[in-house]
Amino acid sequence: FRVTPEDMKYFSQRALTNIMSCIVPVLLLEVSMSYFLVIDALAKQGAISDALETEHELILFLMTTLNQAIVLGAGRHVMVHLVDIIDEECRSHFAHEEKYMSECGAANLESHLTAHQRLLERTLQVRSSIVNCDPLGIPDAMDLLYSLQNHINHFDQSAYQCAQPLAKAS
């Protein structure tokens, strides 16, 4: 019996895929629960902008995990699971952010709501592409990661500015 470098590549990829499919969901659950405890504590203390930033950190962590899954060639079910978690976390975060922006009367609330809706639609499109083995699934996922990162870094600054007076009033 002889093992070739090509065989090793196959076994390594298969092993990585198996490991990711078993371990990633458990690790993500543990990390998410830790973040939820911190976010809840910050919100109860009135540290609204800190709570929003912590939600962003969780979303960025999940996006990095999806990026790594793509790079490592994870199976479709792992990527779908990650996209589902990102979608769920974005929905939760967007609801919090929109609530705070509404409470403080943010001037750009409607455009922010529209941006959130587009990102959620994009997330569902990426999930569908991956589930259906569309060749554009991976590029779509990478584009989604970029879009979410761009939204957090640039568009969410108004939400932070809006949330700061709320935190002081609490």
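Helices here are DSSP runs of H or I with at least four residues, numbered from the N terminus. With that in hand, L124 can be placed in helix α4. The model shown in these views is predicted.

**View 1. Helix α4 from end to end.** Let us start with the helix itself, which covers residues 109-131. At 1.5 Å a residue, its 23 residues should span 33 Å, and the end C-alpha atoms are indeed 33 Å apart, so the expected and modelled spans agree. Several α4 residues are buried, among them L109, H112, A115, L119 and L120. Further along the helix, the buried set also includes R122, T123, V126, S129 and I130. Past the helix comes C133, which has a positive phi near 55°.

**View 2. Helix α3 alongside α4.** The partner in this view is α3, made of residues 76-103. The two helix axes come within 10 Å and cross at roughly 170°. Angles over 145 degrees count as roughly antiparallel, and α3 is therefore roughly antiparallel to α4. Sorted by residue type, the contact of α3 with α4 holds 14 nonpolar, four polar and seven charged residues.

**View 3. H116, a buried histidine of α4.** Here we zoom in on H116, which sits in helix α4. Its relative accessibility is 1%, so H116 counts as buried. Which residues does H116 touch, not counting those up to four places away in sequence? They are F94, E97, E98, H151 and D156.

**View 4. L124, a partly exposed leucine of α4.** Now for a residue with another setting: L124 has 45% relative accessibility and therefore counts as partly exposed. Leaving out residues up to four places away in sequence, L124 touches D87 and R91. Look for D84 as well: L124 and D84 are 40 residues apart in sequence, yet their C-alpha atoms lie 8.5 Å apart in space.

**View 5. The largest nonpolar core.** This last view takes in the 26 residues of the largest nonpolar core. Those with the most contacts inside this core are L66, I86, C90, I130 and L148. At least two core residues come from each of α2 (48-71), α3, α4 and α5 (137-155). Helix α3 supplies the largest share, with nine residues. A good place to pause is C90: setting aside its neighbours within four places in sequence, C90 is in contact with I59, L120 and L148. Of these partners, L120 also appears among the buried residues of α4, as does I130 from the list of residues with the most core contacts.

Terms used:
Residues are numbered from 1 along each chain as its sequence is written. This is a predicted model: local features need pLDDT of at least 70, side-chain atom pairs count only at pLDDT 80 or more; totals for chains, interfaces and linings use all residues. Side-chain values use heavy atoms; hydrogens and water are left out. The expected span of a helix is 1.5 Å times one less than its number of residues. Buried means under 20% relative accessible area, exposed over 50%, partly exposed in between (1.4 Å probe, protein chains only). Axes are lines fitted to C-alpha atoms, for helices over the stretch in contact, and angles run from 0 to 180 degrees between N-to-C directions. Angles under 35 degrees count as roughly parallel, over 145 as roughly antiparallel, 65 to 115 as roughly perpendicular and the rest as oblique. Ala, Val, Leu, Ile, Met, Phe, Trp, Tyr, Cys and Pro count as nonpolar, Asp, Glu, Lys and Arg as charged, and the others, Gly among them, as polar. Contact means heavy atoms within 4.5 Å. A nonpolar core is a set of buried Ala, Val, Leu, Ile, Met, Phe, Trp, Tyr and Cys residues joined through side-chain atoms within 4.5 Å.
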